Amino acid sequence: RINLNVSPYFATRYLLDRLHRFKAIMPDADVRLTIMVELPDFARDDVDVSIQWGFGAWPQYEHSLLLRDYKIICCTPELGRSLKTPEDLAAQQLLHPVRGPKLWASVLKSLGVDAPERPGDLRFQDAATLRHATWAGLGIGLISEIDAMEDVKSGRLIAPFGTGVMRAMPEQDVPGFYLVFPKAHRRVKAVSTFCRWIENENWHGGSAEA
């Protein structure tokens, strides 16, 4: 039995379509998956392994980066008409991820914009809700690349400053999805096998070599 706790976005965009690969390695594994935005209490919540969105700030646990979550600045075409230069972002409602409170500040700094955080900016717990708020024209969103490119292609959103802003930022300022777990959990064979598989998988595309 392996109790997994996974970020909603990573589960739907990456993990669920690939779990059959792990089951091929360990067909008798009883995988139990829960979706949770917050880092679980591994003892209280009976979780063996978690996949978390963040910046790797879990010194009490073993953690390894699986995939960087590069974002694209997106908005509706209507809002985009008022964005001629990056400085224009300072006057707009910005949509923040709750668990990345300094992410917009880092993005704006990379664009040469000094914009203090405003108490009235909207904050969202999960990527899906933030994306829907961007669709609704509630503000300017930082949307994960896969979603952003779909929305730009469909015409629902635009990327007024291109798609590579975050890729030019220092890596420590870019969030990602991390495998997180208490070090002692790796002593359990099923958990160790799962960790080895997920760390070797190529989350950017095809399967990685074991």
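**Two open sheets, strand by strand**

Let's start with one pairing: strand 4 and strand 9 (residues 176–181) run antiparallel to each other, joined over 6 bridges. Keep in mind that you're looking at a predicted model. Strands of a sheet pair through backbone hydrogen bonds, either parallel or antiparallel.

**The five-strand sheet**

- Strand 4 and strand 9 belong to an open sheet of 5 strands, laid out in the order 2-1-3-9-4.
- The pairing in this sheet is mixed.
- At its edges you'll find strand 2 (31–35) and strand 4 (62–68), each of which pairs on one side only.
- Going from one strand to the next, the twist averages 20 degrees.
- Want a residue to look for? Leu 67 has Phe 177 in strand 9 as its bridge partner.

**The four-strand sheet**

- Another open sheet has 4 strands in the order 5-8-6-7, and its pairing is mixed.
- Here the edge strands are strand 5 (71–74) and strand 7 (122–124), and each pairs on one side only.
- Neighbouring strands in this sheet are turned by 35 degrees against each other on average, if you ignore direction.
- Strand 5 pairs with strand 8 (residues 140–144) in the antiparallel sense, over 4 bridges.
- For Ile 73, the bridge partner in strand 8 is Leu 142.

**A helix on the four-strand sheet**

- Helix 5 (residues 127–135) packs on this sheet and touches strand 5, strand 6 (94–97), strand 7 and strand 8.
- The direction of helix 5 makes about 135 degrees with that of strand 8.

Methods
Residues numbered from 1 in each chain as written. Predicted model: local features only at pLDDT ≥ 70, side-chain atom pairs only at ≥ 80, totals over all residues. Heavy atoms only, no water. Pairing = 2+ DSSP bridges. Axes fitted to C-alpha atoms, helices over the stretch in contact; angles between N-to-C directions. Contact = heavy atoms within 4.5 Å.
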